[in-house]
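The following exercises concern the contacts between chains and between domains. Each task is followed by a solution that proceeds step by step.

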Amino acid sequence: MDWWVWVILAVIVLVVLLTLAVLVQRRRRRGRVIGLGGGDR
Amino acid sequence: MLFSDARKSDVVSIGTATKVGRVDGFVVATGPARVALLRVGKAQGDGTLVSWADVQGFGSDAVTVADTAVIRVPSDEWEQRSDSRDLDILGKRVLSERGDELGEITDVDFDPETGAVTTFITGKETIGGDRLIGHGRYAVVVTVDPSA
Amino acid sequence: MIPPSPTSAILLRARELAGRPVVTLGGELEAEIKDVVFESDGGPVAGFTLRNEGLFSRARKDALPWRAVHGVGRDAVMIRDVEQLVPAEELAPKKVARKGNVLDDRVLTDSGRELGTVLDVVLQGGAGLDVVGYEIEASEGLGTAGRRVFIPLPDTVAVSGENLIVPASAAEFVSEDLSGFGAAVDEFRSRLREGRDEGEQN
């Protein structure tokens, strides 16, 4: 294959990885709402 | 007088009657709200700050000082931060002490005789200088509107 | 000068507070809000855990207790100074925090009827910040399956594992929007009080 095909593939992989990283971080950053002192039932 | 008018004024030495610098910015202090320092550019030496106390006169075209020696380097941490533009007030967001944003500062009105800040002007409203609580790198903090 | 009460008497969703800047009265950005922590008994907000600003930042080891909060506004949570922060373990011990998240929990009435799953928690401002209701994705049992509705909560919120128990009568005070919800909470709590008073009289 020509060299430019590899370049395009690399760019796509990079974009996918970055998007995943951002999405994972966004989900991790979602805050929780935590109730203290819940009894056991 | 407004910061927007006074910026870029010449700083003139009374001793030599020559221009010794140019007003690049203003540093506001709290308790009460006032201009504490002028940031000066195009000076001959290393100095970049002038204390308000060293300002002899503040006219619409020029600021007079005794001589070029009053243009000095920062003397403490706060002055170093001032010099770095961290504390530049134009463009800074205004937060009420309750946590609501009241706009960004577009201009400041001050008394050229005393240096006291009379009004902060944002896109949305005008805020009396007496409402200033604090200002830092992130925001200017003011009391809630007393008339509301 | 009398300091203003930290919040105005409005309703807000707890999840809106995540990511809100924490700013000192001196105008410095200290942190961002991470989690909202509340007491099950009585429902007041006990405080907030913190993280630093920036996309890839971690949770901080310190936390913001409610007593250190100067104001909760649309754009920031104001604190007097950073000396009043406490260790996060003191506000919400890790073990409790891990299990205590009510988001996505199932809501059941005390008679066993499933109402839905928790999407958000409704807080009411005043002198403090109080948990007054849940925003849930309604299940079929509520007759409005899949819809987002608000159900009011009594003063004490029963939290247990993945299930949250509410009085059966809460289902009668379901709201579809936040603006009318304040009234629904008041009516629901009056009803509970009447029921208690009657029970005591008998």
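**Exercise 1. Determine how far apart the C-alpha centres of the two domains of chain B lie, and describe the contact of these domains.**

Solution. Step 1: the C-alpha centres of domain 1 and domain 2 of chain B are 21 Å apart. The domains span residues 3-83 and 93-142, respectively, with bounds taken from an automatic or database domain assignment. This is a predicted model, in which local features require pLDDT of at least 70 and side-chain atom pairs count only at pLDDT 80 or more, while totals for chains, interfaces and linings use all residues. Residues are numbered from 1 along each chain as its sequence is written, and chains are lettered from A, and ligands numbered from 1, in the order in which they are written.

Step 2: domain 1 of chain B contributes 10 residues to the contact and domain 2 of chain B contributes 11; two residues are in contact if their C-beta atoms, placed from the backbone, lie within 7 Å.

Step 3: on the domain 1 side, α1 (3-6) and β3 (34-41) of chain B each provide at least two residues. Helices (H or I, at least four residues) and strands (E, at least two) are DSSP runs, numbered from the N terminus.

Step 4: this side of domain 1 of chain B comprises seven nonpolar residues, two polar and one charged. Ala, Val, Leu, Ile, Met, Phe, Trp, Tyr, Cys and Pro count as nonpolar, Asp, Glu, Lys and Arg as charged, and the others, Gly among them, as polar.

**Exercise 2. Carry out the corresponding analysis for the domains of chain C.**

Solution. Step 1: chain C is assigned domain 1 (11-99) and domain 2 (100-201), and their C-alpha centres are separated by 24 Å.

Step 2: the contact involves 17 residues of domain 1 of chain C and 21 residues of domain 2 of chain C. At least two residues of the domain 1 side come from each of β1 (11-13) and α2 (94-100) of chain C.

Step 3: by class, that side of domain 1 of chain C holds 10 nonpolar, three polar and four charged residues.

**Exercise 3. Which chains share the most contacts among the two pairs that touch?**

Solution. Step 1: chains A and C have the most contacts of the two touching pairs. Chains A and B, by contrast, share no contact, and their closest C-alpha atoms are 20 Å apart.

Step 2: chain A has one helix and one strand. Of its 41 residues, 12% are buried, that is, have 20 or more other C-beta atoms, placed from the backbone, within 10 Å of their own.

Step 3: 14 residues of chain A meet 28 residues of chain C. On the chain C side, β3 (29-39), α2 and β13 (158-160) each give two or more residues, and β3(C) gives the largest share, seven residues. The chain C side consists of 18 nonpolar, five polar and five charged residues.

Step 4: strand β1 (residues 33-36) of chain A pairs with β3(C) in the parallel sense over four bridges, where pairing requires that DSSP find at least two bridges between the strands. A:Leu36 has C:Glu39 as its bridge partner in β3(C).

**Exercise 4. Describe the side of chain C that touches chain B.**

Solution. Step 1: 17 residues of chain B are in contact with 16 residues of chain C.

Step 2: β6 (69-72) and β7 (77-79) of chain C are the elements giving two or more residues to the chain C side. The largest share, three residues, is from β6(C).

Step 3: eight nonpolar, five polar and three charged residues make up this side of chain C.
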